[in-house]
Amino acid sequence: MTTRDHIIKWLAYTLALLPVWFLDAFLLSRFPLFGVRPMLLPLCAAAVATLEGATAGAGFGLAVGVLFDALTPDLIPGSMILLFALLGLGCGLLAQYVLRQDLIGHLICSALCLCAIDAVRMALRLAAGVAGLGAMAPVAGKEILWSLCFVPGVYLLFRWVFRRVPKPTVL
């Protein structure tokens, strides 16, 4: 692939991220369901990792982690950047070698990403003494389930982009 092809590909993925980010940050945050709002950015990172593989998943996860960290206040600034990169890498490897690179693979990767993010957030809050596990676990469970409702839409959007972006040729 040429440099131009890479630029077009990652620009297309970035443009696909924008409506999901807008939905996450500006619409769904205003109308929480059962007291929680979904996390859609991890679904985007998992979608690219599922479709493109480990290297691309880690890079896109890093970029999405920067956006997520900027939008979500956390106890340790920058912690989500590294976590998203590792999750993108892990989801890419999982989708390449264990799962299929389809909706079911994306659903499994998304569920694992959401569980890992909430586990890290809960561990940080437990260590800081902000809240107890009994109070955080039900909220995290609701947040994960509400977020998983958006998996098909996010996957279809990123699969649509994946089918239209330049791919490397094997010679």
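Select Gly 134 and Leu 145 on helix 6: both are exposed (over 50% relative accessible area, 1.4 Å probe, protein chains only). The model is predicted, with local features needing pLDDT of at least 70 and side-chain atom pairs pLDDT 80 or more, while totals for chains, interfaces and linings use all residues. Numbering runs from 1 along each chain as its sequence is written, and side-chain values use heavy atoms, without hydrogens or water.

Now show the whole of helix 6 (133–148), a DSSP run of H or I with at least four residues, numbered from the N terminus. Its 16 residues reach 22 Å from first C-alpha to last, close to the 22 Å expected at 1.5 Å times one less than the number of residues.

Next select Met 136, Ala 140, Glu 143, Ile 144, Trp 146 and Ser 147, which are buried (under 20% relative accessible area). Looking down the axis, these buried residues fall within an arc of 165 degrees, taken from the directions from the axis to the C-beta atoms, so they line one face of helix 6. Add helix 2 (41–52), helix 5 and helix 7 (151–164), which are included in what covers them.

Finally, go to the largest pocket, with about 260 Å³ of space. A pocket is an open set of points on a 1 Å grid where a 1.4 Å probe fits, with protein on both sides within 12 Å along at least five of seven lines; lining residues have an atom within 4 Å of a point. Centre on Asp 118, Arg 121, Arg 125, Val 139 and Glu 143, the closest to the pocket centre of the 13 lining residues. Helix 6 gives the largest share of the lining, 5 residues.

Conventions: Points joined across faces, edges and corners; volume = space filled by probe spheres on them. Helix = DSSP H or I, 4+ residues; strand = E, 2+ residues; numbered from the N terminus. Contact = heavy atoms within 4.5 Å.
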